[in-house]
Structures are given as structure tokens and as C-alpha cells.
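Colleague: Could we go through this model together, one point at a time, with the cut-offs stated as each term comes up?

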Amino acid sequence: MYQQIAMYATVFFVFLLALAFAFVYGESKRSADYGPIQKKGYKIRKFYFLGLIAIMGFASVMTLGRLPYDRHQAEATGLNEIKTVEVTGIQYAWEMSEDQFQVGDQVQFKVTADDVTHGFGLYNEKMELVAQTQAMPEYTNTVYYTFEEPGTYQILCLEYCSTGHHVMVKEIVVEPEGGSL
Amino acid sequence: MNESIHPLAKKTIVWYLAAASLVLILMMVFGVIMLMNQGNMISITPQWFYKIMTAHGTGMVGISALGGTAILWYFLSRYVKLNPAILILNFALFFIGVAMVLIAIFVFHFSDGWTFLYPLPSQSAKLYGAAGALFFLSGMLILGIGFLILYMYLAARLTKVYGGLGKALGWDIIFRGKEGNGPPAAVVATAMVIITNSTALLAGATVLVASLLNIINPAITMDPMLAKHLTYAFGHIFANCTIYMAVIAVYEVLSEYTRRPWKSNKIFLIAWNCSTLFTLMIYTHHLLMDFAVPKWMLIIGQVFSYANGLPVMVVTAYGALMIVYRSRMKWDFASSLFFLSMFGWVAGAIPAIIDATIVVNHVMHNTKWVPGHFHTYMGMGLIAMIIGFMYYFNKTEGNQKHTSIDTFSIALYFSFFAGLVGSFLYAGGIGAPRRWAEHLPQWVLSDQVGAVSGIFIVLAAIIFTARFFAGLRSVRSKVHYNKKSAAS
């Protein structure tokens, strides 16, 4: 969902920007005194500035309450027990304490690394990136995810970790609730 | 404007621009090779892919800094007398640093990326030998020392002429109610870059020295999280400052072409002070997926990354639109590129700001969305400024004229750059990771679109560079003519 919002928002705002530049380019062939242009321009700028502040404020309010750092995201979705899975990145593989899940499983991935920094990127069967965190030596980052669809998920390394970076992939299977795929 | 640039500095600037433009083409070719490999159009080994990737990243940031410095020095020389020896020293250290980096990559197979994230270099040293990592890290250190000396010198000069960096940033107008305008934009921007980039270089030097010591003696270790903070405090700020140096040309040249003043009024000064502060603070948006970092620090990363867009959107880009509006400005190579560069900068800031939103970053960090946004503001913003300056330099110091081939090359460059960054952003949107030597079938089409776009961008860059070198002949003949006139 956030990927689509990001793409549409970028296209929309870049289009508006291009319109503004095209308009000014068109008007650049005409001539007028700069004083009145500045006066009017500064007035418009106040509203433009406030508009940007409003957009940024709205985006902050809408998103800062949904941070992926907290466990409340998983807890809020149901009463099921949270599974804890230990994940360790090592050039060029993922070691996991468990790699079979069921739909509805709320999983707490505790992610670290043994050698260098890796990136734990969880992709669903459609290869959409659904969650990630960094896997750093000496640190444990905890990321929560609730499996809502069955299928073969993949963990891809998302932090460059040397020449085998692109082969650092692990498949995990999510079975339908109460049965196998 | 009561100073003039030293003739030796002018010659050195030619060297800066010549090196930047030639290396730019080579790095662009490297970029195309990577995209062609990801798009299954050619096949290179992963080892070669990552070596090329390391060279591409390091080289592009290097020439951006080189081009930005040339612009800063050229325009600052109009207001402050500068000793060209410092500019030459920086170039010499840059050259030595680059040679060491190239030896590391192509002789000793170093391929840990330009961000050399600790402890990756020491891990690679254990596997492939220490020489590559030692050459690379030492080369970067020498390069950084060159820039640090340059900024220390500029700080001393601004202190002498303007009474300190605070005054150069207009603090007496902002905080003490002094009437009138602040120092010229070139001075304000230089003060900002001195403060931010010196901090960045000290952070970078710390992590480089620690990494070197760790390779020489593995018993000496560093906290990897601290190392990451220092690495991005260096990399983010240093890369950002290249554009803050280059934008000086936009202020100077658009003002000259439109015959309208671009004064550093109070709002302008506040904007640049905000940029100074925010640029120092927002590198934490590179650590949004490091959940072990205190949450407040990551929220700062989001909120102030948003805020950092405001000075450019509300003051600089808006100011460029205002100064060009109904100005009957002459559209030539320089004015077109400077105008378009403001579009490129803001267009790149939009997806960058979106990516700094933590919930978005959670599903887009380290996908191709990231090179998508920074290629927009670096390629269509910063590089456009540097190329625009190359033409402006030849026109001002020589007699280069705008021709139809220039109009063609600008159209070629911007059209296909839109294709390139569009392919990156789309690939990021569908989850394609960045820095992967090989791609899954669903990502390949976007790579192919990027590769084809890249080929035409290289063509445009070759035309720009050929025109620059051809135009230099008129610079030499003008200097020669002036010397003869002076002698007679």
C-alpha cells in the first residue's frame, strides 16, 4: 500500500512542479518590473509555505502513530500468542530458529548478524516487500509481522554485504490456517 | 563584487572541470554496464559488478565534490581574495586519493561500496587480503584531508573578511536586528558548507581511521552502530554539500542573466541557517531501519528530513522561478541548465522526503527507490548545475556561443534522465533491491529501460564535454590576447 502511495504522490507532486516551471518558462518571454513581481511573489510564498507545512504536518500525524518499531502493531490485531523467531544473517545465508508458519501467526523476528551488517527484507509471494529491519552485529533489531496470506515468502538481503549479496535469499512457507498448502 | 579571480585559480578550475567531465562520462558508462547486467543485456561476474558499483559511487560523489568546489571557488573569488595554492593542493590530494581508490578497486579487488560500512572492509580484508581495503580507506582519508584543509582555509578567509562564520551566515541580521541584506549568496552558502562539511569530514576521518586500525590490528574494534552513524554523518552530508556548493552558480548566473538582484534578505538567511542545522541532523534517516537506535532520534530523522525540503522549495527554487518570471531572460545553455537544475533538485527532493517517512521507509528502504531519488537531484540537479557552469565559464572567460547542438543535447539529457530515474523509482515501487548484481525476471524490464536511457544520457554527456573542451580554446586565446594587449 505504501509503495503505491509513494509512487502516486511522487507523480502528482512532480507534475505540479513541472507545471509551475513550464508556466514560468512561458512567462519568461514577457517583461515586467521586478518590484511588483517580488511583492506579489512574497505574498503567494506565504500561502505556499503554509500549504507545505500543512501537507508535512498531515503526513506526520498520519504516520508517526504507526511506527514499525513497537509490538502494539502485532498485539492490536488479535489475542494469538506472538511467536519469537531468532534470525541471524551471515555471508550469505539466513539462519532462523523457525521457518514454517501458518496464516494468522504473529511473529516477532529478532534479527542480528554474525559477521557484517545485512538487511532483513521480508517479501510475500507476490514479491512485495512487506517488512524489513537491519541485521547488525552486536545488536538485535526486533520487527513484527502478522502473516495474513498463505504462500512462499522470501527473505532477501537488503544491505550490501559483499559479492554474494544477491544470493542471500531464504524461502519460508506460510500454510493456510489449520492445513498445509 | 570587488575582487577578481587569480589567473592560476582560473587555470586550476579548468583542471577541476576537465577532470569532472571526463570522469563523469566514465562513471556513467559504469552505471550503464550495471543496468545492462541487471537487465540481462550483457553478463559480467558479480565480482566485477560490485567493483564497478564501488567505483561508480565513489567516482560520482568525487566529481560532484570537484565540480561543486570549482563553482564555489570561482564565484567566491568575486568577493573574497583567495590563494590558489589551496585549490591546487586540494586537487593534488584529490588526485592521489582517487589513484589509491582505483588501485584498491581494480588491482586489489576492493568492492565494499563507497559507504564502506564497518565491519565489512575488515571482513573482506580477511577473505581477500588487506591491501584493497587499506588502499581504499587511506585514499578516502587523503581525499578528505584535502577538502578539510580547503574548508579550514575558507573559514579563515571568511572570518577575516566578514568577521566570522556567524556573520557570514547573517546572524547579526537574524538575531541582532541589523538592517539591510546579508553577505552575497556565495558567501552565505560557503559558510554553510564549511560548517556542515567540516563536521562530515571529521566524522568520516574518525570512522576511516578506526576501520584502518581494525584491519591492521583486529583487537581494536569499534561499535558497529556508532560506525554507521559516523559513516552516514560523513556520506550524507558530504554528498548533500556538493549541491549546496553548486547552487551558488544558480544565484549568481540567473541574477546576472535577468539583470535582477538576488539579495540575501532575512528570509534567505533564515533558510540557509535552517539548511545548515537540518543538514547536520537528518543523516539519521539512513538509520530508520536500525530499530535499536532510540526512537526519538529516528522521529527526528523523519520530521527534519521533511523540514530540510522547505529551504530549497520555498526560498531557492521559488526564488529562481520569481527571478525568471517576466524577465525576458536570454535562454542559452547556462540559463537553461540552471533553471532546469532547480526543477531537478526539487523533483528529487519529493521522493526523498516521501522515503524519509518511517512507515514508507519500512517497505522501500534500500530498494531502487533510493537511487531513484538521489539520481534525480544529483543528475538533473547538481550535474546540470556543473555542466551549466562549464558553459558559463567558457562563455565568460572565452567566447563560447550557444548553438542548436546545445539545445539538442539538453533535451536529450533531460528526456532520458527522466526515463532513467522513472525506471529506478518504478523498480523501487515494485520492490527491486538496490545493489544487486542480478535481478529477478519481474525487475528486468525496468533495468532495460534504465540501460537504454543511460546510453542516451552518456551520448548527451559526451556532447557536453566535447563542447566544453572545444570552448576552452576560446578561453586560452582570450587569455593569450589579453596578455599580449597588456604587454603592448
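Colleague: Which residue with a positive phi follows α1(B)?
Modeller: This is a predicted model, so local features are kept only at pLDDT of at least 70 and side-chain atom pairs only at pLDDT 80 or more, whereas totals for chains, interfaces and linings use all residues. Residues are numbered from 1 along each chain as its sequence is written, with chains lettered from A and ligands numbered from 1 in the order in which they are written. Elements are DSSP runs numbered from the N terminus, helices being H or I of at least four residues and strands E of at least two. After α1(B) comes a residue with a positive phi, near 55°, and that residue is B:Asn40.

Colleague: How far apart are the end C-alpha atoms of α1(B)?
Modeller: The expected span of a helix is 1.5 Å times one less than its number of residues. For the 32 residues of α1(B), residues 7-38, this gives 46 Å, which agrees with the distance in the model, 47 Å.

Colleague: Where does α14(B) bend?
Modeller: Helix α14(B), residues 369-397, has 29 residues and reaches 40 Å between its first and last C-alpha atoms, close to the expected 42 Å. The bend at a residue is the angle between axes fitted to the seven residues ending there and the seven starting there. For α14(B) that angle is about 30°, and the place is B:Ala384.

Colleague: How many of the 29 residues of α14(B) are buried?
Modeller: A residue counts as buried if 20 or more other C-beta atoms, placed from the backbone, lie within 10 Å of its own, as exposed if 12 or fewer do, and as partly exposed in between. By that count α14(B) is largely enclosed by the rest of the structure, because the number of its buried residues is 27.

Colleague: Is B:Ser474 buried, exposed or partly exposed?
Modeller: B:Ser474 belongs to helix α16(B), residues 441-487, and its C-alpha atom is separated by 7.4 Å from that of B:Asn394, 80 residues away along the chain. Leaving out residues up to four places away in sequence, B:Ser474 touches B:Asn394, B:Gly398, B:Asn399 and B:Gln400, a contact meaning that C-beta atoms placed from the backbone lie within 7 Å. With 16 other C-beta atoms within 10 Å, B:Ser474 is partly exposed.

Colleague: Which helices do the buried residues of α4(B) pack against?
Modeller: Those buried residues are B:Leu120, B:Pro121, B:Ser122, B:Gln123, B:Ser124 and B:Ala125, and α4(B) is followed by B:Gly129, with a positive phi near 100°. Their packing partners, both in chain B, are α5 (130-162) and α8 (185-216).

Colleague: What is the radius of gyration of chain B?
Modeller: Chain B has 16 helices and zero strands, and 62% of its 488 residues are buried. The globule rule, 2.2 Å times the number of residues to the power 0.38, is compared with a radius of gyration taken over C-alpha atoms. The rule gives 23 Å for chain B, which is as compact as a globular protein of that length, because its radius of gyration is 22 Å.

Colleague: And what is the radius of gyration of chain A?
Modeller: Chain A comes to three helices and nine strands, and 29% of its 181 residues count as buried. The globule rule gives 16 Å for chain A, which is more spread out than a compact globule, because its radius of gyration is well over that, at 24 Å.

Colleague: Which residue is the bridge partner of A:His118 in β6(A)?
Modeller: Two strands pair if DSSP finds at least two bridges between them; β5(A), residues 118-123, and β6(A) pair antiparallel over six. These two strands form a hairpin with five residues between them, and A:Met127 in the turn has a positive phi of about 60°. The partner of A:His118 is A:Ala135.

Colleague: Which residue in β9(A) stands opposite A:Thr152?
Modeller: Strand β9(A), residues 169-175, runs parallel to β3(A), with three bridges joining them. Strand β8(A), residues 151-157, pairs with β9(A) in the antiparallel sense over six bridges. Opposite A:Thr152 in β9(A) stands A:Val173.

Colleague: Which element gives the most residues to the side of chain B that touches chain A?
Modeller: The contact involves 60 residues of chain B and 65 residues of chain A. With 11 residues, the element that gives the most to the chain B side is α11(B).

Notes
Contact = placed C-beta atoms within 7 Å.
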